[in-house]
Amino acid sequence: MAVRQIRTAPDPVLKRKAKKVHTIDGSVKKLIRDMLETMYAEPGRAGLAAPQVGVSLRVIVIGIPEEEEIVLVNPEIVRRKGERIIDEGCLSVPGYFGQIGRSESVTVKGRDQTGKEVRIKAAGLLAQALEHEIDHLNGKLYIDHPEVRETLRKVQPEETGL
Ligand code: NI
């Protein structure tokens, strides 16, 4: 396992649409282990997407304190419900927070690290983290949402990042 370097904007890998994983082979498993270690090494972390460690593949990990850790390969949002405005930050945009419109709840499907199909219904911070990390796979940062620009503010870099 190894902590990988977190890419920050404007690194072009963050703007690229990540590729689908066809086989969860040894290198993908190693990527997942490294992503988990990298996420846990960051204070205030709640999630990480593979492009944030420079790998343009559709893999995300989520580690919300007190909740079960989640690994998703090829995640897709199949349902969104409701809308809310919330604070958001990102490890790839250190030192900033902004307000963003996110869904109240989402349903996401994908595969876990063993290749098993999973479906997750989520609300609250988990729904936000899933939308945020899946945005990363589509080359989108939260600051690319037009409403965020006006509310962007500086915070301590160790505050929650997704
Ligand atoms: Ni992020």
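## Cores, nickel site and salt bridges in a predicted model

In the largest nonpolar core, which has 19 residues, those touching the most other members are Ile60, Ile62, Leu72, Ile120, Ala122, Leu126 and Leu130. A nonpolar core is here a set of buried Ala, Val, Leu, Ile, Met, Phe, Trp, Tyr and Cys residues joined through side-chain atoms within 4.5 Å. Buried stands for a relative accessible area under 20%, exposed for over 50%, and partly exposed for values in between, with a 1.4 Å probe and protein chains only. Two or more residues of this core come from each of β2 (59-62), β3 (70-81), β6 (105-111), β7 (117-123) and α2. Helix α2 gives the largest share, 6 residues. Helices (H or I, at least four residues) and strands (E, at least two) are DSSP runs, numbered from the N terminus.

The structure is a predicted model, in which local features need pLDDT of at least 70 and side-chain atom pairs count only at pLDDT 80 or more, while totals for chains, interfaces and linings use all residues. Residues are numbered from 1 along each chain as its sequence is written, and side-chain values use heavy atoms, with hydrogens and water left out.

Ile60 of the largest core has contacts beyond its neighbours within four places in sequence, among them Met35, Leu48, Ala49, Leu72, Leu130, Ile134 and Leu137. Contact means heavy atoms within 4.5 Å. A second, separate core has 17 residues, including Val21, Met35, Leu48 and Val53.

Strand β6 also holds Thr107, which is buried at a relative accessible area of 8%. Not counting residues up to four places away in sequence, Thr107 touches Glu76, Ile77, Val78 and Arg79, and also Arg119, Ile120 and Lys121.

**Nickel site**

Four residues donate to the nickel ion, through Cys90 (SG), His132 (NE2), His136 (NE2) and Leu162 (O), at 2.0 to 2.2 Å. Donors are N, O and S atoms within 2.8 Å of the metal (3.2 Å for Na, K and Ca); water is not among the atoms, so sites may look incomplete. The spacing of the donor residues in sequence is C-x41-H-x3-H-x25-L. Cys90, in the loop between β4 (84-88) and β5 (96-102), and His132, in helix α2 (residues 124-137), are 42 residues apart, and the pair links distant parts of the chain. Both residues are buried, Cys90 at a relative accessible area of 4% and His132 at 1%.

The angles among the 4 donor atoms run from 93 to 141°, and the site is irregular. Four donors count as tetrahedral if all angles lie between 85 and 135 degrees; four count as square planar and six as octahedral if opposite donors are over 155 degrees apart and all others between 65 and 115, and anything else is irregular.

**Salt bridges**

Side chains of opposite charge can pair when their charged atoms come close. A salt bridge is a side-chain nitrogen of Lys or Arg within 4 Å of a carboxyl oxygen of Asp or Glu, and the count by this rule is 9. Three of the pairs are listed here with the distance between their closest N and O atoms.

| Acidic residue | Basic residue | Closest N and O atoms |
|---|---|---|
| Asp11 | Arg7 | 3.1 Å |
| Asp87 | Arg153 | 3.0 Å |
| Glu117 | Arg111 | 3.7 Å |

Asp87 lies in strand β4 and Arg153 in strand β8 (residues 153-154), so this pair ties together parts 66 residues apart in sequence. Asp87 is partly exposed at 32% relative accessibility, as is Arg153 at 35%. Asp11 is buried at 18%, whereas Arg7 is partly exposed at 28%. Arg111 is partly exposed at 36%, and Glu117 is exposed at 56%.

Arg4, Lys30 and Asp34 are joined into one network by salt bridges that share partners.

**Asp34 and the segment before α1**

Asp34 lies in helix α1 (residues 26-41) and is buried at 2% relative accessibility. A polar atom of the Asp34 side chain lies 2.9 Å from the backbone nitrogen of Ala2. Leaving aside neighbours within four places in sequence, Asp34 is in contact with Met1, Ala2 and Arg4.

Gln5 is in the segment before α1 and is exposed, with a relative accessible area of 63%. Gln5 touches Gln52 and Val53, not counting residues up to four places away in sequence. The C-alpha atoms of Gln5 and Met35 are 9.9 Å apart, with the two residues 30 residues apart along the chain.

Notes:
Polar contact = N/O pair within 3.5 Å; in protein donor to acceptor, adjacent residues only side chain to side chain.
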